[in-house]
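Here is a friendly walk through a small set of features in one protein model. Have a look at the sequence and the structure, then read on.

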Amino acid sequence: MNLCHHCGAKVMVRKRQFSDRAWAALVDWGEVRSETMGKALCDNCYVELREILIDRTHEMERIAR
Ligand SMILES: [Zn+2]
């Protein structure tokens, strides 16, 4: 049994990897604490944060155009 570093839920966590750049962006947006970078997440948090990344990346691409 492990703790998710984002929500603190007691879940079976697999170490899910975002890229360093993705983690840095999530910290920058205030979505995760800096100490959560590179740590284990539960599936729910992983999916949630991945969606935030996808949404915001699309948004930034739209603005850039
Ligand atoms: Zn979690």
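Tryptophan 23 is a good place to begin: its relative accessibility is 2%, and because buried means under 20%, it counts as buried. Please keep in mind that this is a predicted model.

Which residue has a ring that pairs edge-to-face with that of tryptophan 23? The partner is phenylalanine 18; the two ring centres are 5.3 Å apart and the planes stand at 80°, so the pair is edge-to-face. Phenylalanine 18 also pairs with tyrosine 46, and here the centres are 5.0 Å apart with the planes at 15°, so this pair is stacked. The count of aromatic pairs comes to 2, and Phe18, Trp23 and Tyr46 form one aromatic cluster.

What does the pair of phenylalanine 18 and tyrosine 46 tie together? Phenylalanine 18 lies in the loop between strand 2 and helix 1, while tyrosine 46 lies in helix 2, so the pair links parts that are 28 residues apart in sequence.

Here is how accessible several residues are, both in this cluster and elsewhere in the protein.

| Residue | Relative accessibility | Class |
|---|---|---|
| Tryptophan 23 | 2% | buried |
| Phenylalanine 18 | 9% | buried |
| Tyrosine 46 | 13% | buried |
| Glutamate 59 | 41% | partly exposed |
| Methionine 12 | 66% | exposed |

Let us turn to the last two rows. Glutamate 59 is found in helix 2, which covers residues 43-64. With a relative accessible area of 41%, glutamate 59 is partly exposed, because that class lies between the 20% limit for buried and the 50% limit for exposed. Glutamate 59 also belongs to a negative surface patch, formed by Glu48, Glu51, Asp55 and Glu59.

Methionine 12 sits in the loop between strand 2 (10-11) and helix 1 (20-28). Its relative accessibility is 66%, so methionine 12 counts as exposed. How many residues apart in sequence are methionine 12 and aspartate 55? They are 43 residues apart, and from C-alpha to C-alpha the distance in space is 27 Å.

Finally, here is the protein as a whole. Its secondary structure comes to 2 helices and 2 strands, and along the sequence these follow the pattern β-β-α-α. The C-alpha atoms fill a box of roughly 45 × 20 × 15 Å along the principal axes. Of the 65 residues of the protein, 26% count as buried.

How values were computed:
Residues are numbered from 1 along each chain as its sequence is written. This is a predicted model: local features need pLDDT of at least 70, side-chain atom pairs count only at pLDDT 80 or more; totals for chains, interfaces and linings use all residues. Side-chain values use heavy atoms; hydrogens and water are left out. Patches are made of residues with over 30% relative accessible area and no salt bridge: like charges are joined within 9 Å, nonpolar side chains (Val, Leu, Ile, Met, Phe, Trp, Tyr) within 5 Å. Accessible areas come from the Shrake-Rupley method with a 1.4 Å probe; for residues, only the protein chains shown count as cover. A salt bridge is a side-chain nitrogen of Lys or Arg within 4 Å of a carboxyl oxygen of Asp or Glu. Lys and Arg count as positive and Asp and Glu as negative; His and the chain ends are not counted. The place of a charge is taken as NZ of Lys, CZ of Arg, CG of Asp or CD of Glu. Helices (H or I, at least four residues) and strands (E, at least two) are DSSP runs, numbered from the N terminus. Buried means under 20% relative accessible area, exposed over 50%, partly exposed in between (1.4 Å probe, protein chains only). Rings of Phe, Tyr and Trp (its six-membered ring) pair if their centres lie within 6.5 Å; planes under 30 degrees apart count as stacked, over 60 as edge-to-face and the rest as tilted.
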